[in-house]
Structure formats: structure tokens, C-alpha cells
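Trainee: I have a new structure open and I'd like to learn how to read it. Could you walk me through it, one feature at a time?

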Amino acid sequence: MTVQVKLDDLLHDKRMTLTELAERVDITIANLSILKTGKAKAIRFSTLEAICRELNCQPGDLLTFEDAEDESTA
């Protein structure tokens with residue numbers, strides 16, 4: 001069971017760079033990169049809210065849960 005981060009897809013859809021998003025939500029590029037690559041262990045609700053506000057999306061658009069069974073059949 002894993003949580004997948006779809007930040008790269010959302011940025012592409014919105015034609016926005018990671019640098020631009022970092023400036024808009026006042027978070028370092030390094031921290032956004034950790035989130036984007038799926039290496040983050042946690043995310044603050046305030047950060048999640050800021051990202052969703054800037055990307056005009058819902059948390060479920062950014063984060064998805066994939067069951068281990070789904071991964072083995074894919």
C-alpha cells in the first residue's frame with residue numbers, strides 16, 4: 001500500500017514549473033521536489049492547502065492511494 005503523489009502531472013496540466021509553485025506557496029524547491037518524487041514522509045495540511053489553492057485542485061487530485069494488489073496486477 002502506497003500513497004502516490006501526482007504533483008508532476010498537475011504541474012504539467014497547469015503549465016506551471018516547480019519553481020513557480022514554490023514561489024507561490026512559499027516553500028523551498030527542495031521540499032517540493034521531495035514531495036514530487038514521492039520521498040516525503042509527511043505533509044502539513046497548510047502546505048497541502050496552499051498547493052491545492054495554487055493548482056486549483058482537490059487533495060485527492062494530488063495524492064492517490066494504491067493498494068499492493070493493484071500494483072502487482074499493473
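What follows is a chat about salt bridges, buried helix faces, a helix pair and two single residues.

Mentor: Before we start, keep in mind that this is a predicted model. Now, pick a feature.

Trainee: Let's take charged side chains. How many salt bridges does the structure hold?

Mentor: The general idea is that side chains of opposite charge can pair when their charged atoms come close. In this model there are four salt bridges. Have a look at D8 and K36, whose side chains meet in one of them, at 3.7 Å from N to O.

Trainee: Which parts does the pair of D8 and K36 tie together?

Mentor: D8 sits in helix α1, residues 7-14, while K36 belongs to helix α3, residues 29-36, so this pair ties together parts that are 28 residues apart in sequence. As for the surface, D8 is partly exposed at 43% relative accessible area, and K36 is partly exposed too, at 28%.

Trainee: And what about R24? Where does E20 sit relative to R24?

Mentor: Start with the general idea: an α-helix has 3.6 residues a turn, so residues three or four places apart point the same way. Here, R24 and E20 are four residues apart in helix α2 (residues 18-25), about one helical turn. They form a salt bridge, and their closest N and O atoms are 2.8 Å apart. R24 is partly exposed, with a relative accessible area of 41%, and E20 is partly exposed at 29%.

Trainee: Which helix holds E54, the residue that pairs with R24?

Mentor: E54 is in helix α4, residues 45-55, and R24 is in α2, so this salt bridge ties together parts 30 residues apart in sequence. The closest N and O atoms of E54 and R24 are 3.5 Å apart. E54 counts as partly exposed, with 24% relative accessibility. Zoom out a little and you find E20, R24, R53 and E54 linked in a network of salt bridges.

Trainee: Okay, on to burial. Which residues of α1 are buried?

Mentor: The trick is to look down the helix and ask where the buried residues point. In α1, L7, L10 and L11 are buried. Seen down the axis, the buried residues of α1 fall within an arc of 100°, so they line one face of the helix. H12 and D13, on the other side of α1, are exposed.

Trainee: What covers the buried residues of α1?

Mentor: The cover includes β1 (2-5), α2, α3, α4 and α5 (59-62). For a close-up, try L11 in helix α1. L11 counts as buried, with a relative accessibility of 4%. Setting aside its neighbours within four places in sequence, L11 is in contact with M16, T17, L18, L21 and L55. By contrast, look along the chain to K39, 28 residues away from L11: the two C-alpha atoms are separated by 18 Å.

Trainee: Which residues are buried in α4?

Mentor: In α4 the buried residues are L48, A50, I51, C52 and L55. What covers them includes α1, α2, α3, α5 and β2 (63-66).

Trainee: What happens in the backbone just after these two helices?

Mentor: Check the phi angles there. Just after α1, R15 takes a positive phi of about 55°. Just after α4, N56 takes a positive phi of about 50°.

Trainee: Now two helices together. At what angle do α2 and α3 pack?

Mentor: For a helix pair, read the angle, the distance, the handedness and then the residues that meet. α2 and α3 pack at about 115°, their axes 9 Å apart, and the crossing is right-handed. From α2, L18, T19, L21 and A22 meet I29, L32, S33 and K36 of α3. The residues of this contact divide into five nonpolar, two polar and one charged.

Trainee: One last residue, then. Where is K6 found?

Mentor: K6 is in the loop between β1 and α1. At 27% relative accessibility, K6 is partly exposed. Leaving out neighbours within four places in sequence, K6 is in contact with D61, L62, T64 and E66. E20 lies 14 residues from K6 along the chain, and their C-alpha atoms are separated by 17 Å.

Definitions and conventions:
Residues numbered from 1 in each chain as written. Predicted model: local features only at pLDDT ≥ 70, side-chain atom pairs only at ≥ 80, totals over all residues. Heavy atoms only, no water. Buried < 20%, exposed > 50% of the residue type's maximum accessible area, 1.4 Å probe, protein only. Arc of directions from axis to C-beta. Contact = heavy atoms within 4.5 Å. Axes fitted to C-alpha atoms, helices over the stretch in contact; angles between N-to-C directions. Left-handed = near helix turned anticlockwise from the far one by under 90°. Nonpolar A, V, L, I, M, F, W, Y, C, P; charged D, E, K, R; others polar.
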